[in-house]
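Work through the following exercises with the sequence and the coordinates at hand, and try each task before reading its solution.

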Amino acid sequence: MNGVSKGIRKVEIALKWDPSPAGQPPTDLDIVAGAYLADDPHGEPAYLVHFDSRSPDGTIYLNRDSKDGKGFGWDEVLTVELDRLDARYARVVVGVVIQQRPARRTFVSVVNPSLRIREGYTDLAQDDFGGVLGATAATVAEFRRDESGVWEFHPGVTGFEDDPANFTRTMGAAHRP
């Protein structure tokens, strides 16, 4: 590890949105994270973390899950403990998926979506998905381990028009160097 920089150690990705208008089906957004092996950093994820799951070693976990945006404050919260992640992992990509049941939705139909990525009390990124209004899913962050083992944060929201299952298989390919 570099003596000057400790890099990113533990981050929180938080998502919130307002409930659907009266008479409309609920809007359900989900945070997903994929961990990628050093020997295949742009292939399929070694594992995925999403609602009802956590990483095998407990370093990536969902603290809060909402199916309708009716929570107080942040509706979905995912924690990634990069400093504890095994050395065989070189990347973690985080995305947001809009569930497509009972109606097809894109970000333009989500009421007041908001994203915050922070380490401790420092906000690393914030977004409202305004750049991906026609997308059904988006990658929102990438964390890469450098040659010295330090984790770096690479922000950016990239939209996808895939179904949730296909998105989780291909979300890591979007950030090829």
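The exercises below deal with a sheet, a hairpin and the nonpolar cores.

The model is predicted, so that local features require pLDDT of at least 70 and side-chain atom pairs count only at pLDDT 80 or more, while totals for chains, interfaces and linings use all residues. Residues are numbered from 1 along each chain as its sequence is written, and side-chain values use heavy atoms, with hydrogens and water left out.

**Exercise 1.** Determine the strand order of the open sheet of five strands, and identify its edges.

Solution. Begin with the strands, which are DSSP runs of E of at least two residues, numbered from the N terminus; two of them pair if DSSP finds at least two bridges between them. Following the pairing across the open sheet gives the order β3-β2-β6-β9-β10, and the pairing is antiparallel. Next, look for strands that pair on one side only: these are β3 (47–49) and β10 (151–160). Finally, fit axes as lines to C-alpha atoms, with angles from 0 to 180 degrees between N-to-C directions; neighbouring strands of this sheet are turned by 20° against each other on average, direction ignored.

**Exercise 2.** Describe how β9 and β10 are joined and paired.

Solution. Strand β9 covers residues 137–145 and pairs with β10 in the antiparallel sense over eight bridges. Within this pairing, A137 has F160 of β10 as its bridge partner, and R145 stands opposite W151 in β10. The connection is then a hairpin with five residues between the two strands, and G149 in the turn has a positive phi of about 95°.

**Exercise 3.** Is I13 buried or exposed, and which residues does I13 touch?

Solution. First place I13 in strand β1, residues 10–16. Because its relative accessibility is 0%, I13 counts as buried, the term meaning under 20% relative accessible area, with exposed over 50% and partly exposed in between (1.4 Å probe, protein chains only). Then list contacts, defined as heavy atoms within 4.5 Å: not counting residues up to four places away in sequence, I13 touches I31, E76, V77, L78, V80, V94, L115, R116 and I117.

**Exercise 4.** Which strand gives the most to the largest nonpolar core?

Solution. A nonpolar core is a set of buried Ala, Val, Leu, Ile, Met, Phe, Trp, Tyr and Cys residues joined through side-chain atoms within 4.5 Å. The largest one has 35 residues, and I13, L78, V92, V94, F107, F129 and F143 touch the most other members. Strand β6 gives the most to this core, with five residues. A second, separate core of eight residues includes Y36, V97, A137 and F160.

Methods:
Helices (H or I, at least four residues) and strands (E, at least two) are DSSP runs, numbered from the N terminus.
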